[in-house]
Amino acid sequence: MLRAGIVGLPNVGKSTLFNALVANAKAQAANFPFCTIEPNVGVVAVPDERLGKLATLSESEQIVPTRMEFVDIAGLVAGASQGEGLGNQFLANIREVDAIVHVVRCFENDDIIHVSGSIDPVRDIEVINLELGLADLSQLERRMDRTRKQARKDKEAAFELTVLEKLADALNAGQSARSVSLSEEEDATIQALNLLTRKPIIYATNVSEEDLAQGNSWVEQVRGVAAAEQAQVVVVSAQVEAELIELPEDERQDFLESLGVSEGGLQSLIRASYDLLGLRTYLTT
């Protein structure tokens with residue numbers, strides 16, 4: 001089963017979103033940094049409107065939607081790559097997932113502490129991406145040190161070294177490993193490294209209830225960052241999703257429509273993760 005890791009700074013709404021993703025999840029959501037220590041894990045069904053039609057056509061007795069796993073990873077902070085805020089543990093958790101859902105705070109609320117003291121999504125994204133990049137660079141440098149000795153006599157090691165150096169150059173320039181175009185052969189040489197910044201990413205902009213339908217200027221800033229990275233952006237409101245799971249199912253759609261949206265942001269997030277990871281829905285007959 002493919003896994004998506006939910007990351008971001010502390011107090012941006014990760015655990016609240018996770019609880020809504022997995023309605024029976026018990027991830028703790030509280031107003032202090034490092035509320036989540038051990039990663040919470042939940043399995044969700046991928047929404048797919050084609051299922052009913054396909055089931056009718058194929059006369060399937062049972063519909064089995066694709067399922068994927070979401071992992072709520074504790075908040076990262078500046079210095080995580082050097083161990084700040086239990087950073088080494090949290091970075092190791094991210095290495096174990098197939099894709100990253102980066103939750104970015106795009107709402108004002110004086111009652112919820114921001115670790116940097118103000119709302120600035122571009123700055124927050126840079127903090128997380130810098131720590132992921134520094135962790136990758138450290139790993140690449142260690143690997144290059146070992147590979148250089150072998151590269152003098154071994155063609156395969158020499159080839160690997162050129163790939164490692166290409167990635168290190170990009171990271172030193174402030175780019176992600178995702179931004180580096182590699183051939184299948186080149187990509188195969190670095191698969192075992194499981195680089196953090198090579199994983200596909202979705203930015204989930206967490207907005208207030210009032211901004212769910214239209215977004216806001218902070219969301220547009222995130223869109224600008226994502227466009228440069230060729231990443232996706234999903235607008236979601238943890239506040240709304242927390243309220244939705246408390247309502248009877250037959251009242252949820254009316255509530256969403258009263259906010260000017262046709263579906264919850266988490267449905268869009270699950271579907272985007274599904275598309276990003278190339279999952280396929282299947283039926284059993």
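I take contact to mean heavy atoms within 4.5 Å, and I apply that to a model that is predicted.

Entry on S208. I looked first for its place in the chain and found S208 in the loop between β6 (201-206) and α7 (217-229). Setting aside the neighbours within four places in sequence, I listed the residues in contact with S208, and these are F107, S237 and Q239. Is S208 buried or exposed? Its relative accessible area is 16%, and because buried means under 20%, I entered S208 as buried.

Entry on strand β4. I then turned to residues 67-72, which form β4, and noted that five of the six are buried, so the strand is largely enclosed by the rest of the structure. Which strands pair with β4, and in what sense? Strand β1 (residues 3-7) pairs with β4 in the parallel sense over four bridges, whereas strand β2 (residues 40-45) runs antiparallel to β4 and is joined to it by six bridges. I followed D72 of β4 towards each partner: I6 stands opposite D72, and N40 stands opposite D72 as well.

Entry on helix α1. How many of the eight residues of α1 are buried? I found seven of the eight to be so, and I therefore recorded the helix, residues 14-21, as mostly covered. Written out, the buried residues of α1 are K14, S15, L17, F18, N19, A20 and L21.

How values were computed
Residues numbered from 1 in each chain as written. Predicted model: local features only at pLDDT ≥ 70, side-chain atom pairs only at ≥ 80, totals over all residues. Heavy atoms only, no water. Helix = DSSP H or I, 4+ residues; strand = E, 2+ residues; numbered from the N terminus. Buried < 20%, exposed > 50% of the residue type's maximum accessible area, 1.4 Å probe, protein only. Pairing = 2+ DSSP bridges.
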